[in-house]
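The following exercises concern the interior of a protein chain and its backbone. Please examine the sequence and the structure before reading each solution.

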Amino acid sequence: MTYRVPFETILQGLRERLDEEDLAEVCDLLIWRTPDNGAELLDVCEKWLRHGTAEEVSAALAVNGGIHFQTRDEREREMRAVAERFPQFRERVERILRDWDEKQKPRAVREVLQDGSPPSRVAYRYRITEERLRAWIDEYLRENPASDAPS
């Protein structure tokens, strides 16, 4: 007989026993080691971000670098709602959103301008709208008029 403990129970126990840095490290390992690639664990984090206590939200923000939700727009909407409910997380939420953009924007722009990938495919891969991708490309071209793609 196999006894299966829900990930929410496991995550609650870890949250109570570990500091955020250790919690993030353990959860990031679990994401890679579970048969569902952490889907259940990430679902718990998304639930906590939407409806959790401040302690649960803090833990969820530590897991997976705070990157949750399917699309960039959904992530921004849900994370800003977290910041509204818990103003103490506003700066952290802004940093998570900014850091994601700063990492993904040059890659996405390079794929279109340098690699010639279709914008629709790049937008899909990065889970952003084509309009957002076009804005990133326009911004890049305004800031770098003599260049074709980010390095």
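**Exercise 1.** Identify which members of the largest nonpolar core touch the most other members, and state which helices supply the core.

*Solution.* The model is predicted. The largest nonpolar core has 26 residues, and those touching the most other members are Leu-41, Leu-49, Leu-61 and Val-93. Next, consider the helices: H1 (7–17), H2 (20–33), H3 (39–51), H4 (54–62), H5 (72–85) and H6 (90–113) each contribute at least two residues to this core. The largest share, six residues, is that of H3. Apart from this core lies another, of twelve residues, including Ala-108, Val-109, Leu-133 and Trp-136. As a general background, nonpolar side chains tend to be buried together in soluble globular proteins.

**Exercise 2.** List what Leu-61 touches, not counting residues up to four places away in sequence.

*Solution.* With that exclusion, the contacts of Leu-61 are Leu-49, Gly-66, Met-79, Phe-89, Arg-92, Val-93 and Ile-96. Of these, Leu-49 and Val-93 also belong to the residues named in the first solution as touching the most other core members.

**Exercise 3.** Determine where Phe-69 and Arg-127 are found, and decide whether each is buried, partly exposed or exposed.

*Solution.* Begin with Phe-69, in the loop between H4 and H5. Its phi is positive, about 80°, although Phe-69 is not a glycine. The relative accessible area of Phe-69 is 6%; the limit for buried is under 20%, so Phe-69 is buried.

Turn then to Arg-127, in the loop between H7 (119–126) and H8 (130–143). Arg-127 is likewise a residue other than glycine with a positive phi, near 60°. Its relative accessible area is 37%, and Arg-127 is therefore partly exposed.

Terms used
Residues numbered from 1 in each chain as written. Predicted model: local features only at pLDDT ≥ 70, side-chain atom pairs only at ≥ 80, totals over all residues. Heavy atoms only, no water. Core = buried A, V, L, I, M, F, W, Y, C linked by side-chain atoms within 4.5 Å. Buried < 20%, exposed > 50% of the residue type's maximum accessible area, 1.4 Å probe, protein only. Helix = DSSP H or I, 4+ residues; strand = E, 2+ residues; numbered from the N terminus. Contact = heavy atoms within 4.5 Å.
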